[in-house]
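Please open the model in your viewer and keep a selection tool at hand. The stops below move from one pair of packed helices to the next, and then on to the empty spaces.

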Amino acid sequence: MKSALFLLSAFAALLLAIFGSLNPYRQWFSWRSPAADLVVKNAKIYTIDESLPLADSMAVRNGRILRIGSYSSIQDMVGYGTKELDLKGKIVVPGFIDSHVHLIFGGLQMMRVELHGINSKDEFVKRIKEAVRNAKQGSWILGGGWNDDLWGGELPLASWIDDITPYNPVFLSRMDGHMSLANSVALKLGGITKSSVDPNGGTIMKTTSGEPTGLLIDSAMERILPLIPEVSVEERREALRKASNHALMRGVTTVVDVGRYFPGTSVKDSWEDFSDVYQWADLSGKMTIRVCLFFPLETWSRLRDLINNVGQSLSQWIYLGGVKAFADGSLGSRSALFYEPYVDEPHNYGLQVGDYESLHNLTLASDRVGLQVAIHAIGDRANDLILDMYESVISKNGVRDRRFRIEHAQHLAPGTPARFGKLGIVASVQPEHLLADAESVNKKLGIDRAQRSYLFQSLLGSNVELAFGSDWPVVDINPLGGIRTAMKRIPPAWDIAWVPSESVSLNDSLKAYTLSAARACFLDSDLGSLSPGKLADFVVLSIYSWDDFVAEGSASIDATYVGGVQAYP
């Protein structure tokens, strides 16, 4: 018996010696360093982690970062089945986070009449004529993205397109979503006539003789929007697919989606998209980017109940972020709310969208149950109104880590950036908006007031959490373009920067699209930097050094990885 046990022990020792000496299988017997699924090596990895700002290698397992540093420090994690990705010196950054998009709305716009970049009335009319040619009689012609500033500032009129759309209602949103053009067929369906009065928070634009021009601003769009046939579930799911692929192509792995919610639209759209599209995509394994969802403020109790039932994270893909509302309109539609009137419309100070007392009470209630609140504010007076409201809510509900957000924070009065910092308010801003505004802002606000626009450096200097985004489809999803714009602030056809003192550094711009963007929506424990334990979302750039990018702004996305898996191309 003893001799049999001795022989068995000797045989086991021999097996261990044999298999332990074979490199591919050594990992099986090591409890110190589990094998990585992926090892990235020979890269310039900008981690956005202060404890280790730069590395050349990274090990990933089960979608998360195991270790990051030099190749020698992670070499023991290379085992059987590990894929090694040699980047030959290319730059790697954390997956970009776009802090403000309308994701499904943007995907739907990709399937409609595209008017972005149109720079003449003739081209505008031509696009509509092409759409009518391919449409059935009586069907709606939908689209958007037009910007009157690109053709000199003349606002479009229903009369531009009435002759070519006699049997089709038309509704075309301006690039900012705060103004739309309806043709006469649509105006008739909406009962909009010479005698129609402006609703609260909106304007029905009219000629000097009182006839509707076809332009509807903010809540005035409520007269038309309910008449448009609802988008099918299949179309919305396809919109998510298209939008997600577009984001991944630009290196975006996470978005803050504020939904198909604009002044004048129904609050139910965001909730229907949540159940019909996002939950469906999550359960069927079709999510390819991560989303942080914000819902209309007036539905705060529904979101509270949902979070109480399922928690804040539905999965690794879907995070229930908070609630959103509007304080004013937009500069382009001349509905952003200012202390002083528009220079070219001396009786127009902009629009306050909604009732202040109601907004305050809804914010107070949402904050009391722990929901994050984000408010759209563009004009200087709108921003101060929301800061006043936030300060009041903080004093009533007590100090805590709430990360109140102001979306856009576009035009600020003297001293306002410091108030953001003092109150701990997140500024969720869109660098590429300044490219569209630069040509017209002097005309609308005057030279002096225009200088108080897009105050990124002033906000950073006041210790404000600055989160960058696009507001897609208002402007394109393009973090590299946003970084370039934030650094240089040079609009098209300009040779000099617009308010160069407000330019920000490369590092601050990268941080605003990564770690600060993650902090702005409470996702910084999982996202925003390439740190051990965090999700392995990263982007491989086409460049080997930032020097060329800083000088020329030239770079592209070579590959996008989500959870350590290549998602683009």
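**Helix crossings**

In this predicted model, begin by selecting α12 and α13, where α12 passes α13 in a left-handed crossing. To make the selection, take residues 416–423 for α13, and note that the two helices pack at an angle of about 25 degrees with their axes 11 Å apart. Because angles under 35 degrees count as roughly parallel, α12 is described as roughly parallel to α13. Show side chains next: on the α12 side the contact is made by Asn383, Asp384, Leu387, Asp388, Glu391 and Ile394, and on the α13 side by Thr416, Arg419, Phe420 and Leu423. Coloured by class, the residues of this contact of α12 with α13 divide into four nonpolar, two polar and four charged.

Keep α12 on screen and add α11, selecting residues 356–368 for α11 and 380–397 for α12; these two helices pack at an angle of about 40 degrees, with their axes 10 Å apart. That angle makes α11 oblique to α12, and α11 passes α12 in a right-handed crossing. From α11, the residues to display are Tyr356, Leu359, His360, Thr363, Leu364, Asp367 and Arg368, while α12 brings Leu385, Ile386, Asp388, Met389, Tyr390, Ser392, Val393, Lys396 and Asn397 to the contact. By class, the contact of α11 with α12 holds eight nonpolar, four polar and four charged residues. Asp388 of α12 deserves a label of its own, since this residue is listed in the contact with α11 and also in the contact with α13.

**The largest pocket**

Now hide the helix pairs and turn to the largest pocket, which holds about 610 Å³ of space. Of the 27 residues that line this pocket, the closest to its centre are Leu225, Ile228, Arg260, Thr265 and Asp269, which together make a convenient selection for centring the view. To see which elements surround the space, select α4 (103–109), β10 (141–146), β11 (170–174) and α9 (268–283), each of which supplies at least two residues of the lining. The lining residues of the largest pocket divide into 12 nonpolar, eight polar and seven charged.

**The cavities**

How many cavities of 30 Å³ or more does a search of the whole structure find? The search finds six, and the largest cavity has a volume of about 230 Å³. Centre the view on Asp176, Ser330, Ile378, His433 and Val474, which are the closest to its centre of the 25 residues that line the largest cavity. Two elements, β17 (318–326) and α14 (433–437), give two or more residues to this lining, and α14 gives the most, with three residues. Coloring the lining of the largest cavity by class shows nine nonpolar, 10 polar and six charged residues.

For the last stop, move to the second largest cavity, with a volume of about 80 Å³. This cavity is lined by 14 residues, of which Asp257, Gly259, Ser270, Tyr278 and Leu293 lie nearest its centre. Selecting α4, α9 and β16 (290–296) brings up the elements that each supply at least two residues of its lining, and α9 gives the most, with four residues. The lining of the second largest cavity divides into eight nonpolar, three polar and three charged residues. Leave α4 and α9 displayed as you finish, since both supply at least two residues to the lining of the largest pocket and likewise to the lining of the second largest cavity.

How values were computed
Residues numbered from 1 in each chain as written. Predicted model: local features only at pLDDT ≥ 70, side-chain atom pairs only at ≥ 80, totals over all residues. Heavy atoms only, no water. 1 Å grid on protein atoms, 1.4 Å probe; cavity = no way out; pocket = protein on both sides within 12 Å on 5 of 7 lines; lining within 4 Å. Points joined across faces, edges and corners; volume = space filled by probe spheres on them. Nonpolar A, V, L, I, M, F, W, Y, C, P; charged D, E, K, R; others polar. Axes fitted to C-alpha atoms, helices over the stretch in contact; angles between N-to-C directions. Parallel < 35°, antiparallel > 145°, perpendicular 65-115°, else oblique. Left-handed = near helix turned anticlockwise from the far one by under 90°. Contact = heavy atoms within 4.5 Å.
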